[in-house]
Amino acid sequence: MMMSTLPSTNLSFSTFLLTGFPGLEWAHHWISLPIFIGYLVALLGNATILHLVRTDPSLHQPMYYFLAILAVTDFGLCMSTLPSVLGVLWFDAQMVGLVPCVLQQHFLHSFSFMESAVLFAMALDRLVAIRFPLRYASVLTGPRVALSGVLLGMRSAAITAAPSLYLLKFDYCRPGALSHAYCLHQDMIRLACSDTHFNRLYGLCIIMLAMGSDVLFILLSYTIIFRTVLAIASAGERLKALNTCVSHILAVLCFYVPVLGLSIVHRFGHHTSPLVHILMGTVSVLFPPLMNPVIYSIKTQQIRRAILKVVSLGKIQ
């Protein structure tokens with residue numbers, strides 16, 4: 001970390017040092033290749049999902065509107081970290097100012113909370129579709145889905161606003177590098193010499209209340225879904241109903257498993273190699289946006305048909 005101001009006898013730092021892959025600086029350009037390809041595939045995949053949902057009338061259904069909201073969220077999640085990650089790996093641009101760092105962690109955490117909330121909303125979508133199939137189209141209309149997306153976005157931005165504002169007011173007098181090639185709230189408060197009790201307590205509470213409640217309601221939704229499916233007499237209909245949930249279940253696992261792994265590493269992995277922290281951090285922000293369009297393209301028949309339709313039209317032209 002570089003010193004930016006020198007007031008009287010106390011050192012105050014307002015420039016932070018991002019971390020690449022310690023000990024592997026000579027290989028940063030090679031390491032950047034799979035990471036760059038991952039970002040590129042994630043951005044193109046989610047852009048494709050958005051294009052298909054917008055242009056294909058067969059996808060103008062609540063399930064795919066929620067999928068489009070998820071794609072927008074994944075797009076934002078990628079763009080929150082892409083500039084700094086590739087900047088460190090390609091140009092050794094490790095220095096970042098206080099305001100850009102606070103903004104980056106704010107958007108990163110906001111989109112992470114948004115992803116969790118959208119996955120919960122998609123679980124409710126599957127619950128209504130399977131539990132109340134005759135009322136599905138009337139309950140989850142296009143305007144209602146769009147409004148829910150706006151409200152979830154506002155909620156996610158609002159709950160991360162307060163700790164972000166406090167980060168701007170803190171004094172940072174502990175020299176040291178951040179743990180990743182992007183800024184995180186927990187990393188910044190670790191380097192602060194101000195009273196960070198509010199941020200630590202607030203951060204724990206919003207994780208428990210926001211993401212924790214999302215996970216709980218997802219589990220409750222699938223409990224009701226499985227009970228409903230088991231009550232269906234036809235084995236073929238049971239399988240058909242469950243198949244509509246497979247993509248969402250995989251998307252939930254792709255998001256929460258890396259987040260849980262990163263949390264465990266941060267909490268208990270103080271003596272592990274920094275490379276483990278960096279690798280888990282990279283996976284947690286890149287894996288969900290990369291895998292979600294792949295999962296839905298492979299497992300959802302309507303998405304596959306829409307892609308094949310676009311490809312076939314391209315060949316004819």
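Student: What makes the space of about 50 Å³ count as the second largest cavity?

Tutor: This is a predicted model, and the second largest cavity holds about 50 Å³. A cavity is a set of points where a 1.4 Å probe fits but cannot get out. The search of the whole structure kept cavities of 30 Å³ or more. About 50 Å³ passes that cut-off, so the space is listed.

Student: Which residues line the second largest cavity, and what makes them lining residues?

Tutor: They are M63, F66, M122, D125, R126, T244, H248 and Y296. Lining residues have an atom within 4 Å of a point, so these eight names qualify.

Student: Which elements give two or more residues to that lining?

Tutor: α2, α3 (98-131) and α9 (235-268) do. α3 gives the most, with three residues.

Student: Why are two residues of the second lining called charged?

Tutor: Asp and Arg count as charged, so D125 and R126 fall in that class. The lining also has four nonpolar and two polar residues.

Student: How many cavities of 30 Å³ or more does the search find, and how much space lies in the largest?

Tutor: The search finds three. About 70 Å³ lies in the largest cavity.

Student: Why does G20 count as polar in the lining of the largest cavity?

Tutor: G20 is one of the lining residues. Gly is placed among the polar residues by definition, so G20 is polar here. The class totals are seven nonpolar, three polar and no charged.

Student: Which helices each supply at least two residues of the lining of the largest cavity?

Tutor: α2 (62-91) and α10 (274-299) do. V85 and L89 fall within 62-91, so they belong to α2.

Technical notes
Residues numbered from 1 in each chain as written. Predicted model: local features only at pLDDT ≥ 70, side-chain atom pairs only at ≥ 80, totals over all residues. Heavy atoms only, no water. 1 Å grid on protein atoms, 1.4 Å probe; cavity = no way out; pocket = protein on both sides within 12 Å on 5 of 7 lines; lining within 4 Å. Points joined across faces, edges and corners; volume = space filled by probe spheres on them. Helix = DSSP H or I, 4+ residues; strand = E, 2+ residues; numbered from the N terminus.
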